[in-house]
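Reader: I would be grateful for a close look at the surface patch in this model, together with the setting in which that part is placed. Please state the cut-offs behind each term.

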Amino acid sequence: MQHVLLVATTYFVHASFATTVLENPTTRHDLRHVLSLDGAPQMLMRLGYSSMPKHTPRRSVPGVAAHDPG
């Protein structure tokens with residue numbers, strides 16, 4: 001999974017994880033059946049693109065640094 005996440009990052013693909021949905025026995029069983037899994041699914045991972053966020057504007061150094069004469 002680490003390799004998948006690293007490669008995804010190089011292509012600006014974001015990942016999100018879900019485990020709560022699999023705590024429901026019916027959902028877990030249905031997912032196992034649909035995907036023809038031998039074991040029970042432990043986690044869902046969603047990969048996809050999102051819009052690139054704008055950078056936060058930065059304040060100038062004099063505007064941030066307090067001048068203390070003492």
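Author: The mean pLDDT of the protein chain (pLDDT being the predictor's confidence in each residue, from 0 to 100) is 86, and 93% of the residues reach 70 or more. This is a predicted model, in which local features need pLDDT of at least 70 and side-chain atom pairs count only at pLDDT 80 or more, while totals for chains, interfaces and linings use all residues. Residues are numbered from 1 along each chain as its sequence is written, and side-chain values use heavy atoms, with hydrogens and water left out.

The patch that you ask about is nonpolar and lies on the surface: Met1, Val4, Phe17, Met43, Met45 and Leu47 form it, with about 520 Å² of accessible area together. Patches are made of residues with over 30% relative accessible area and no salt bridge; like charges are joined within 9 Å, and nonpolar side chains (Val, Leu, Ile, Met, Phe, Trp, Tyr) within 5 Å. A salt bridge here is a side-chain nitrogen of Lys or Arg within 4 Å of a carboxyl oxygen of Asp or Glu. The areas come from the Shrake-Rupley method with a 1.4 Å probe, and for residues only the protein chains shown count as cover.

One member of the patch, methionine 45, belongs to strand β2, which covers residues 44-48. Helices (H or I, at least four residues) and strands (E, at least two) are DSSP runs, numbered from the N terminus. Methionine 45 counts as partly exposed because its relative accessibility is 35%; buried means under 20% relative accessible area, exposed over 50%, and partly exposed in between (1.4 Å probe, protein chains only).

Glutamine 2 is placed in helix α1, and it counts as exposed because its relative accessibility is 62%. Between the C-alpha atoms of glutamine 2 and threonine 19, which are 17 residues apart in sequence, the distance is 18 Å. Helix α1 (residues 2-10) has the highest mean pLDDT among the elements of the protein chain, at 94, whereas helix α3 (residues 61-64) has the lowest, at 78.

Two loop residues deserve mention for their backbone angles. Phenylalanine 12, in the loop between α1 and β1 (14-18), has a phi near 60 degrees, a positive value in a residue other than glycine. Serine 36, in the loop between α2 (25-34) and β2, likewise has a positive phi, of about 55 degrees. Most residues other than glycine have a negative phi. Phenylalanine 12 is exposed at 56% relative accessibility, and serine 36 is exposed with a relative accessible area of 62%. The C-alpha atoms of serine 36 and leucine 6 are separated by 27 Å, with their positions 30 residues apart along the chain.

Histidine 29 lies in helix α2 and counts as exposed at 52% relative accessibility. Its C-alpha atom is 8.7 Å from that of proline 41, 12 residues away along the chain.

As for the wider setting, the protein chain has three helices and two strands, in the order α-β-α-β-α along the sequence. Its radius of gyration, taken over C-alpha atoms, is 22 Å, well over the 11 Å that the globule rule (2.2 Å times the number of residues to the power 0.38) gives for 70 residues, so the chain is more spread out than a compact globule. The C-alpha trace spans about 70 × 30 × 20 Å along its principal axes. Buried residues make up 7% of the 70 residues, and the chain exposes about 6,600 Å², of which carbon and sulfur atoms supply 59%.
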